[in-house]
Amino acid sequence: MDRREDEQQKRDDSRFNQTLKNVQGFLKGRSIPGKVLLTRRPDPPQEPISPTYHRSLSENDAGRNERLENPVEVEDHSSSKKHDNTYASKLRSNSSGERIAKEVQNMKIGVRSSDSARVMKFNKVLSETTVILEKLRELAWNGVPHYMRPDVWRLLLGYAPPNSDRREAVLRRKRLEYLESVGQFYDLPDSERSDDEINMLRQIAVDCPRTVPDVSFFQQAQVQKSLERILYTWAIRHPASGYVQGINDLVTPFLVVFLSEYLDGGVDSWSMSDLSAEKVSDVEADCYWCLTKLLDGMQDHYTFAQPGIQRLVFKLKELVRRIDEPVSRHMEEQGLEFLQFAFRWYNCLLIREIPFNLINRLWDTYLAEGDALPDFLVYIYASFLLTWSDELKKLDFQEMVMFLQHLPTHTWTDQELEMVLSRAYMWHSMFNNSPNHLAS
C-alpha cells in the first residue's frame, strides 16, 4: 500500500511540475495555447467533503462597497470596534456569516462619499507632519484620487517616509542611488557582463515590447528603454530571483502613476520625449523603489519554482471549493488544474486580465493591504473567477481553458471591479478566521 501511494505521489508531482513548467513558459505571450500544450488532468481525485457557502451576491445585492468608499461611516455604526491592520477584515467582529452578508447586501450601488468629502479626508491625513499610515490605508483601500496617487503610493509602500520633514531628502537620496546603480550595472558594454547577465538583458529586451501591447504608450521606444533599465537594474540587485517574466507587467502601473505628475491628458497622448532626462530618471527611480518594496512582500513568488504562487494557487482552489462547490466539482470532473489559469493571475497581478484603465484602482486596494496582500489576493481572485460561475459550469475542459485565458472583461467599468472587491472583502471576513482555514 505504501509503495503504491509513493508511486502515485511521484506521478502527481511529475504532472504538477510539468504543468508548472508549461505555464511559466506561456508567460512569454498573453494567452495560453490550450489545444497544443494544456492537457486534461487524468484520474481526478475524489472530491473532498467540507462545508460550503453558496456563492456570490447578485449585482443588485452589492455593488460599490461602502466600506470600500466610506470606512469612517461604517465604523460609526459600531464605534466600540477597532480596525486592525489587514484592512480586509472590517467586519470580523460580526458573529455570523448571515450578518456579514446582510451588511454587504445593504450597500447600495453607486452610493459613495462625494468627491469633495473624499478629497478632504485625504488632505487631512496627508497634511499631518507625520502621516498616520493606518488612516491612509483605510482611505486608499476605497480608491485614491488620481492626482494624489503618486504621493499616496510612495507612502503606502514605505518608499517615502511618513515624516514630511524628511521626505524630500529621502527621495532625493534614493533617486540618486538608483541613478548610480544604472551607471554601475546597466550602462556597460556586453564585454563587461557575464553570460547570464547578457541573456537576462536580452530576455528583458524581448519582453518590453510585449508589455501591455494594447496601450500604444508602451510601444514608444523611450518607454521600453525605461522599462528595460528599471527591470535590469532590479534583477541585478536581486539575484535570489533575478528577472522573471511577468515582472515587466508589474512596473507599468508605477510608470503611469509617476509620469502623471509631469504629463497631462490621457496616457495615449503622452510622450516621454517631452520630459527632461532628470525627470525621466526620477520617474524610473520611483518605479524601481516601489517595485522593490512591492516584491519584498512576496519574494517567494519569483524565486526558483515560484513556491509562493504555488501555495496561493492551492489556497485559491480550496476557497473556491468552500464558496461554490458545484463549480469546483465541475472543474475537478473536467480535469482543469487551477495552476493552468491562476498562475498568470498571481504572476502578473491581473494586469493581463482586466482593462488597463482599471488597474490603478485595483492597485489602490493592493497597496492598501500592505503585508497582508498575498493572502488577500486569494479572495480577490476567487471573487474574480466566480464572476463567471454560471458560464463555467456549462463548459468542457478545452472551452474552460480558452474562456479563462480570454475573459470578457474588455467592457468592464469601475462598477464590475468594485463588485469583485466587495465580494472578496466579505468572504475574507467570513472565512479568514475559520479553524484550519485554507491550511497548506
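In which sense, left-handed or right-handed, does α6 cross α7? In the predicted model examined here, α6 passes α7 in a left-handed crossing. The contact involves Arg 118, Lys 121, Phe 122, Val 125 and Leu 126 on the α6 side, and Lys 135, Leu 136, Leu 139 and Ala 140 on the α7 side. Two packed helices are described by the angle between their axes and by the distance between those axes. For helix α6 (residues 115–126) and helix α7 (residues 133–141), the angle is about 155 degrees and the axes are 10 Å apart. Because this angle is over 145 degrees, α6 is roughly antiparallel to α7.

The secondary structure of the protein consists of 21 helices and zero strands. Of the 440 residues in the protein, 54% are buried. Contacts between residues at least 6 apart in sequence were also examined; 77% of these join residues at least 24 apart.

The largest nonpolar core comprises 123 residues. The residues with the most contacts inside this core are Phe 218, Phe 254, Trp 345, Tyr 346, Trp 363, Tyr 366 and Tyr 381. Both domain 1 (147–297) and domain 2 (307–433) contribute residues to the core, which therefore lies between them. The surroundings of Phe 218 were listed without its neighbours within four places in sequence. On that basis, Phe 218 is in contact with Thr 211, Val 212, Val 223, Gln 224, Leu 227, Thr 252, Leu 255, Val 256 and Phe 356.

Trp 345 and Tyr 346, named above among the core residues with the most contacts, are also among the buried residues of α16. Helix α16 spans residues 339–348 and is mostly covered, with 10 of its 10 residues buried. The buried set includes the nonpolar residues Leu 339, Phe 341, Ala 342, Phe 343 and Cys 348, and Gln 340, Arg 344 and Asn 347 are likewise buried. Just after α16, Leu 349 adopts a positive phi of about 55 degrees.

The loop between α16 and α17 (359–369) contains Asn 357. With a relative accessibility of 63%, Asn 357 is classed as exposed, because the cut-off for that class is over 50%. Asn 357 is separated from Val 215 by 142 residues in sequence, while the C-alpha atoms of Asn 357 and Val 215 are 9.6 Å apart in space.

Technical notes: Residues numbered from 1 in each chain as written. Predicted model: local features only at pLDDT ≥ 70, side-chain atom pairs only at ≥ 80, totals over all residues. Heavy atoms only, no water. Core = buried A, V, L, I, M, F, W, Y, C linked by side-chain atoms within 4.5 Å. Buried < 20%, exposed > 50% of the residue type's maximum accessible area, 1.4 Å probe, protein only. Domains from an automatic or database assignment. Contact = heavy atoms within 4.5 Å. Helix = DSSP H or I, 4+ residues; strand = E, 2+ residues; numbered from the N terminus. Axes fitted to C-alpha atoms, helices over the stretch in contact; angles between N-to-C directions. Parallel < 35°, antiparallel > 145°, perpendicular 65-115°, else oblique. Left-handed = near helix turned anticlockwise from the far one by under 90°.
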